[in-house]
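User: Please take a close look at a single position in this protein and describe its surroundings, then place it in the wider arrangement of the chain.

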Amino acid sequence: MLTEEIINKYNKPAPRYTSYPPANFFTEQFTPENYRTAIIDSNNQHPQHISVYIHIPFCHSLCYYCGCNSMLLRNKYEVADYISALKKELKLVLPMLNKDRKISQIHYGGGSPTSQPIEVIRALNDQILSEFQCIDNPEIAIECHPGYLDEEYWIGLTKAGFNRISLGIQDFDQDVLHASHRKPSRMPEHEIMHILRANNVSVNMDFMFGLPLQTEQSFSHTIQKAIQLRPDRLVTFSYAHVPWVNELQKNLEPIGLPQAKDKDLMFEKAKKMLVEAGYETVGMDHFVLPGDELYEAQQNKALHRNFQGYCTRRTTGQVYAFGITGISQLASAYSQNVRDIPTYITAVENNKLPIMRGYKLNHQEQVTREVITRLMCNYTINWADIAKDLNMTVGSVKSSLIYNEQQFKEFREDGIIEFNEDSLTVLPEARPFVRMVAASMDKLMKKTDKHFSRSL
Ligand SMILES: C[S@@+](CC[C@H](N)C(=O)[O-])C[C@H]1O[C@@H](n2cnc3c(N)ncnc32)[C@H](O)[C@@H]1O
Ligand code: SF4
C-alpha cells in the first residue's frame with residue numbers, strides 16, 4: 001500500500017491519455033481537407049475495419065458531476081433537425097471509406113442516446129449497416145441512463161440489434177444520486193438484467209467513486225449489489241472534478257468531495273471485493289467476468305483503447321465519429337466536430353464537414369502515442385517489442401520521448417515502477433498514477449499551461 005505522502009506527491013494534474021495527444025492539444029488549424037487526407041491514409045494503412053461512434057448529446061436532466069458532452073433536451077424540433085443532420089453527415093463521410101472495409105463496432109454515446117425513441121436509433125443503425133458489411137458478430141453498443149427507461153424500451157433495444165448495453169448506475173445509494181442531481185433506475189435493476197440476459201445481451205455497468213456523501217462503506221454496499229447482479233463488465237470511474245469544463249460541478253463543492261485518500265480506500269475496497277467475487281481486472285478500473293475478450297487481450301499484451309473505452313481489435317483504434325463534439329481517431333490524425341448544434345446543422349446542410357479542430361500527428365508523436373497507449377492499457381512496455389512493431393531501433397523509439405533515467409529512478413524509489421533498459425512496468429498498487437509515468441515521457445508536457453484533472 002502506498003503511503004499518504006506518496007499518494008499526495010503523485011496525485012497531481014495530468015492527462016488521462018484517452019488519446020495522444022490529449023484533446024486539449026487539438027488545434028483549429030486542422031481543416032476538413034486534413035480530415036479527408038487522413039481518411040485516405042486510413043483506407044490505405046488500415047483497410048480492414050470501421051468503428052463508428054454516434055454522439056447524441058441530449059439528456060432529460062443534467063447530473064452535476066457530468067464530464068461528458070451533454071445538454072438538456074429542450075424542444076423536439078431541435079432534436080429532429082439534429083438527427084436529420086446526423087444522417088446527412090453519415091452520407092457525407094461513409095462514401096469516402098473503402099467499400100472493402102467492414103464494420104466491427106457501432107457505439108452510441110452522449111449525453112444520453114436513450115433520450116431518443118428507439119425507432120430513431122434503429123434508423124441510424126440501418127443507414128450505417130446498409131453501406132458496409134460487418135465482421136462476424138460486430139459489437140453494437142449503447143450507453144443508457146436507466147432513470148428514464150421502461151420495460152418496453154429495454155426490450156426495444158434488444159430487438160434493434162444491440163448486443164452490448166452499458167447501464168449508467170454510478171451508485172445505488174439514493175442519497176448520493178440525489179446529491180448529484182440524478183434519477184435512480186426506473187425499473188429494478190435485476191428485472192433489467194433479466195430482460196437483457198434473456199436476449200443474450202452483454203451488460204456493462206458504470207460506477208463512480210469520489211461523489212459527495214460517498215464513503216468507503218457506502219460504496220462497498222453499492223459494489224456488493226453490483227456483484228449480485230453480475231454484469232459482464234463493470235467500470236469504477238474516479239470522479240474527475242473539472243469545474244472549469246463543466247460549471248455544474250461547482251454545485252457539488254458545498255456538499256463536500258471525498259479526499260484523495262478516501263477515494264483510494266473506496267477504490268481499493270471495491271477492487272478487492274470484485275476480485276474476490278471472481279472478476280478479472282482490466283486496465284486500472286475495468287472489471288470483467290472470466291473469459292472476457294478484454295482480459296484475454298490484456299494477457300496477450302494486446303489491449304488497446306479508444307475514446308469509447310478499451311477494445312481488443314487493433315483496428316477499433318480507427319474510429320469515425322458523427323455528431324457534435326465527436327472525435328474521429330485515425331492512423332495519422334484526430335478530427336473533432338463542432339460543439340454547437342446550429343453550426344453543425346448549417347455545415348452539413350451545405351455539404352461541408354462540420355470540423356472544429358483536430359491534430360495531425362508527426363512521426364515522433366505517432367511513436368509516443370504507441371508507447372503511451374501501451375503503457376496506459378497494459379501497465380508495461382517492452383522497448384524491443386515496440387521497436388519491432390514500428391520497424392525502428394530501440395534507440396530511436398526512446399529518443400522520440402523524454403527517456404529520463406533519473407526520473408525513472410525516483411519513481412522506482414517511491415514504489416511506482418520497476419524498470420531496466422529493456423522494459424518499464426507500473427507496480428500494481430501504483431496503477432492509479434500510471435498517467436504520471438506516461439506524462440513524464442511526453443515531450444508535449446514539457447511546457448504547457450493546459451489544465452488536467454488529478455489521478456485520484
Ligand atoms: C456519457 S457518460 C453517461 C451515459 C449516460 N448518459 C448515463 O448517464 O448513464 C458515460 C459515463 O461517464 C462517467 N462519468 C461522467 N462524468 C464523469 C466524471 N466527471 N468523472 C468520471 N466519470 C464520469 C459516468 O460513469 C457515465 O456513466
Ligand atoms: S451523466 Fe449521463 S445523463 Fe447525466 S448529464 Fe451526463 S450524460 Fe447526461
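The position to examine is Val52, found in strand β1; is Val52 buried or exposed, and which residues does Val52 touch?

Analyst: The model is predicted, and what follows is read from it. Val52 belongs to strand β1, which covers residues 49-56. Val52 is buried, because 27 other C-beta atoms lie within 10 Å of its own, where 20 or more are needed for a residue to count as buried. Leaving aside residues up to four places away in sequence, Val52 touches Ile103, Ile106, Ile128 and Tyr320. With respect to the start of the chain, Val52 and Met1 are 51 residues apart in sequence, and their C-alpha atoms are 41 Å apart in space.

On the scale of the whole chain, the protein is divided into domain 1, made of residues 1-21 together with 362-443, and domain 2, made of residues 23-322. The centres of domain 1 and domain 2, taken over C-alpha atoms, are separated by 26 Å. Their contact draws 13 residues from domain 1 and 14 residues from domain 2. On the side of domain 1 that touches domain 2, the elements that give two or more residues are α1 (4-10) and α12 (363-378), and by class this side has five nonpolar, six polar and two charged residues.

Turning to the ligand, the residues around ligand 2 include Cys59, Leu62, Cys63, Cys66 and Cys68, and also Gly110, Gly111, Ser112 and His145. By class, the shell around ligand 2 has five nonpolar and six polar residues, with no charged residues.

Key
Residues numbered from 1 in each chain as written. Chains lettered and ligands numbered in written order. Predicted model: local features only at pLDDT ≥ 70, side-chain atom pairs only at ≥ 80, totals over all residues. Near = placed C-beta within 6 Å. Nonpolar A, V, L, I, M, F, W, Y, C, P; charged D, E, K, R; others polar. Helix = DSSP H or I, 4+ residues; strand = E, 2+ residues; numbered from the N terminus. Buried ≥ 20, exposed ≤ 12 C-beta atoms within 10 Å, placed from the backbone. Contact = placed C-beta atoms within 7 Å. Domains from an automatic or database assignment.
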